[in-house]
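This briefing deals with side-chain contacts, taking charged pairs before aromatic ones. Please read it alongside the sequence and the structure shown here.

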Amino acid sequence: MKYTEKVMDHFLHPRNMGELDHPTASGQVGNPVCGDIMKIDLDIEDGIIKDVKFKTFGCGTAIATSSISTEMIKGKTVDEALELTNKSVADALDGLPPVKMHCSVLAEQAIKVALKKYFEERGELTPEREAKFAILDEEDEASCPSAYTYVNSDKEHKEEK
(Lines give C-alpha, C1' and ligand atoms only; values in the text may rest on other atoms or scores of the structure.)
Protein backbone atom coordinates (compact mmCIF):
# COMPACT_ATOMS: atom_id res chain seq x y z
CA MET A 1 0.00 0.00 0.00
CA LYS A 2 1.38 3.39 -0.99
CA TYR A 3 1.12 6.40 1.33
CA THR A 4 1.71 10.06 0.53
CA GLU A 5 4.62 12.00 2.01
CA LYS A 6 2.16 13.94 4.20
CA VAL A 7 0.68 10.75 5.64
CA MET A 8 4.17 9.46 6.44
CA ASP A 9 5.22 12.82 7.94
CA HIS A 10 2.18 13.01 10.24
CA PHE A 11 2.62 9.35 11.22
CA LEU A 12 6.33 9.67 11.99
CA HIS A 13 6.08 13.20 13.48
CA PRO A 14 2.55 13.57 14.88
CA ARG A 15 1.46 17.06 15.92
CA ASN A 16 -0.61 17.85 19.03
CA MET A 17 -0.28 14.36 20.49
CA GLY A 18 -1.17 13.93 24.16
CA GLU A 19 -3.96 14.95 26.49
CA LEU A 20 -5.14 18.24 27.94
CA ASP A 21 -5.26 18.39 31.75
CA HIS A 22 -8.63 20.15 31.83
CA PRO A 23 -10.30 19.96 28.40
CA THR A 24 -13.44 21.96 27.73
CA ALA A 25 -14.75 18.96 25.77
CA SER A 26 -13.49 15.58 24.64
CA GLY A 27 -14.63 13.08 22.07
CA GLN A 28 -13.67 9.46 21.76
CA VAL A 29 -14.56 7.07 18.96
CA GLY A 30 -13.65 3.52 18.20
CA ASN A 31 -13.98 1.19 15.27
CA PRO A 32 -14.68 -2.39 16.39
CA VAL A 33 -13.83 -3.75 12.93
CA CYS A 34 -10.23 -2.49 12.77
CA GLY A 35 -9.66 -1.73 16.46
CA ASP A 36 -8.69 1.93 16.04
CA ILE A 37 -9.54 4.28 18.93
CA MET A 38 -9.23 8.08 18.78
CA LYS A 39 -9.63 10.59 21.58
CA ILE A 40 -9.64 14.34 20.95
CA ASP A 41 -9.40 16.96 23.74
CA LEU A 42 -10.43 20.55 23.04
CA ASP A 43 -9.61 23.71 25.00
CA ILE A 44 -12.22 26.25 23.90
CA GLU A 45 -12.24 29.88 25.00
CA ASP A 46 -14.82 32.38 23.74
CA GLY A 47 -15.86 29.95 21.00
CA ILE A 48 -12.31 29.52 19.68
CA ILE A 49 -10.30 26.28 19.85
CA LYS A 50 -7.20 27.49 21.67
CA ASP A 51 -5.59 24.07 22.01
CA VAL A 52 -6.28 20.52 20.87
CA LYS A 53 -4.61 17.21 21.67
CA PHE A 54 -5.19 13.65 20.53
CA LYS A 55 -4.42 10.13 21.62
CA THR A 56 -4.85 7.40 19.05
CA PHE A 57 -4.47 3.66 19.30
CA GLY A 58 -4.32 2.38 15.77
CA CYS A 59 -2.49 2.15 12.50
CA GLY A 60 -0.22 4.79 10.99
CA THR A 61 -3.07 6.23 8.95
CA ALA A 62 -5.21 6.64 12.08
CA ILE A 63 -2.36 8.55 13.74
CA ALA A 64 -1.80 10.69 10.63
CA THR A 65 -5.49 11.61 10.29
CA SER A 66 -5.67 12.47 14.00
CA SER A 67 -2.58 14.67 13.71
CA ILE A 68 -3.63 16.60 10.59
CA SER A 69 -7.19 17.08 11.85
CA THR A 70 -5.92 18.77 15.03
CA GLU A 71 -3.87 21.17 12.90
CA MET A 72 -6.94 21.89 10.77
CA ILE A 73 -9.09 23.01 13.72
CA LYS A 74 -6.60 24.66 16.08
CA GLY A 75 -7.27 28.41 16.23
CA LYS A 76 -10.63 28.05 14.47
CA THR A 77 -14.04 28.92 15.86
CA VAL A 78 -16.19 26.00 16.96
CA ASP A 79 -18.47 26.58 13.97
CA GLU A 80 -15.50 26.59 11.57
CA ALA A 81 -14.28 23.32 13.14
CA LEU A 82 -17.75 21.87 12.68
CA GLU A 83 -17.24 22.19 8.90
CA LEU A 84 -14.39 19.64 8.97
CA THR A 85 -15.19 16.51 6.95
CA ASN A 86 -13.46 13.20 6.45
CA LYS A 87 -12.89 14.25 2.82
CA SER A 88 -11.14 17.47 3.90
CA VAL A 89 -8.93 15.42 6.26
CA ALA A 90 -8.02 12.97 3.48
CA ASP A 91 -7.42 15.85 1.03
CA ALA A 92 -5.14 17.62 3.54
CA LEU A 93 -3.00 14.46 3.55
CA ASP A 94 -2.92 14.44 -0.27
CA GLY A 95 -5.18 11.39 -0.30
CA LEU A 96 -5.59 8.07 1.44
CA PRO A 97 -5.83 4.53 0.08
CA PRO A 98 -9.52 3.56 -0.21
CA VAL A 99 -9.16 0.87 2.46
CA LYS A 100 -7.91 3.53 4.90
CA MET A 101 -10.65 6.14 4.39
CA HIS A 102 -12.34 4.93 7.60
CA CYS A 103 -9.45 6.56 9.51
CA SER A 104 -10.46 9.99 8.20
CA VAL A 105 -14.06 9.24 9.20
CA LEU A 106 -12.93 8.47 12.75
CA ALA A 107 -11.00 11.76 12.93
CA GLU A 108 -14.10 13.69 11.86
CA GLN A 109 -16.28 11.74 14.29
CA ALA A 110 -13.98 12.28 17.28
CA ILE A 111 -13.96 16.05 16.72
CA LYS A 112 -17.71 16.16 16.18
CA VAL A 113 -18.42 14.10 19.30
CA ALA A 114 -16.44 16.66 21.33
CA LEU A 115 -18.15 19.62 19.63
CA LYS A 116 -21.61 18.12 20.06
CA LYS A 117 -20.98 17.67 23.77
CA TYR A 118 -19.70 21.27 23.95
CA PHE A 119 -22.85 22.64 22.30
CA GLU A 120 -25.19 20.42 24.35
CA GLU A 121 -23.65 21.46 27.66
CA ARG A 122 -24.10 25.12 26.77
CA GLY A 123 -27.61 24.80 25.35
CA GLU A 124 -26.25 25.94 21.97
CA LEU A 125 -27.14 22.91 19.85
CA THR A 126 -29.28 24.58 17.20
CA PRO A 127 -31.06 22.64 14.41
CA GLU A 128 -28.47 24.02 11.95
CA ARG A 129 -25.62 22.69 14.08
CA GLU A 130 -27.43 19.40 14.74
CA ALA A 131 -27.46 18.70 10.99
CA LYS A 132 -23.63 18.82 10.98
CA PHE A 133 -23.50 15.77 13.27
CA ALA A 134 -25.11 13.36 10.79
CA ILE A 135 -21.83 11.45 10.40
CA LEU A 136 -22.23 10.24 13.98
CA ASP A 137 -25.27 8.26 12.86
CA GLU A 138 -23.89 6.92 9.57
CA GLU A 139 -22.75 3.37 8.96
CA ASP A 140 -21.22 2.58 5.61
CA GLU A 141 -18.20 0.83 4.14
CA ALA A 142 -15.96 3.86 4.67
CA SER A 143 -16.85 4.44 8.30
CA CYS A 144 -17.55 0.87 9.40
CA PRO A 145 -19.92 0.40 12.34
CA SER A 146 -18.50 2.42 15.20
CA ALA A 147 -19.11 3.09 18.84
CA TYR A 148 -18.56 6.60 20.05
CA THR A 149 -18.17 7.97 23.51
CA TYR A 150 -18.84 11.41 24.92
CA VAL A 151 -16.21 12.17 27.52
CA ASN A 152 -15.61 15.18 29.72
CA SER A 153 -13.88 15.74 33.03
CA ASP A 154 -16.82 14.81 35.27
CA LYS A 155 -19.01 12.38 33.36
CA GLU A 156 -18.97 9.85 30.56
CA HIS A 157 -21.84 8.68 28.37
CA LYS A 158 -21.43 5.78 25.97
CA GLU A 159 -23.67 5.33 23.01
CA GLU A 160 -23.24 2.28 20.80
CA LYS A 161 -24.30 1.84 17.22
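Lys39 counts as buried in this predicted model, because its relative accessibility is 17% and the cut-off for burial is under 20%. The side chain of Lys39 nevertheless meets that of Glu19 in a salt bridge, with 3.2 Å from N to O. Glu19 itself is partly exposed, at a relative accessible area of 45%.

**Salt bridges around Glu19**

- Since Glu19 lies in the loop between helix H1 (5-12) and strand S1 (25-30), whereas Lys39 belongs to strand S2 (residues 37-45), their salt bridge ties together parts of the chain that are 20 residues apart in sequence.
- Glu19 also forms a salt bridge with Lys55, and here the closest N and O atoms are 3.5 Å apart.
- This second pair links distant parts of the chain, joining the loop between H1 and S1, where Glu19 sits, to strand S3 (residues 48-57), which holds Lys55, across 36 residues.
- Lys55 is partly exposed, with a relative accessible area of 42%.
- Glu19, Lys39 and Lys55 are linked, together with Asp41, in a network of salt bridges.

**A further salt bridge and the total**

- Asp51 and Lys74 form a salt bridge in which the closest N and O atoms are 3.4 Å apart.
- Distant parts of the chain are linked by this pair as well, for Asp51 is in strand S3 and Lys74 is in the loop between helix H2 (60-73) and helix H3 (78-81), 23 residues apart.
- Lys74 is partly exposed, its relative accessible area being 36%.
- The count of salt bridges comes to 13.

**Aromatic pairs**

- A search of the whole structure finds two aromatic pairs.
- One of them joins Tyr118 and Phe119 in an edge-to-face arrangement, with 5.5 Å centre to centre and 65° between the planes.
- Tyr118 is buried, with a relative accessible area of 7%, and Phe119 is buried with a value of 0%.
- Phe119 also pairs with Phe133, and because their planes stand at 65°, with ring centres 6.4 Å apart, this pair too is edge-to-face.
- The pair of Phe119 and Phe133 links distant parts of the chain, with Phe119 in helix H5 (residues 101-121) and Phe133 in the loop between helix H6 (127-131) and strand S4 (147-151), 14 residues apart.
- Both Phe119 and Phe133 are buried.
- Tyr118, Phe119 and Phe133 together form one aromatic cluster.

Key:
Residues are numbered from 1 along each chain as its sequence is written. This is a predicted model: local features need pLDDT of at least 70, side-chain atom pairs count only at pLDDT 80 or more; totals for chains, interfaces and linings use all residues. Side-chain values use heavy atoms; hydrogens and water are left out. Rings of Phe, Tyr and Trp (its six-membered ring) pair if their centres lie within 6.5 Å; planes under 30 degrees apart count as stacked, over 60 as edge-to-face and the rest as tilted. Buried means under 20% relative accessible area, exposed over 50%, partly exposed in between (1.4 Å probe, protein chains only). Helices (H or I, at least four residues) and strands (E, at least two) are DSSP runs, numbered from the N terminus. A salt bridge is a side-chain nitrogen of Lys or Arg within 4 Å of a carboxyl oxygen of Asp or Glu.
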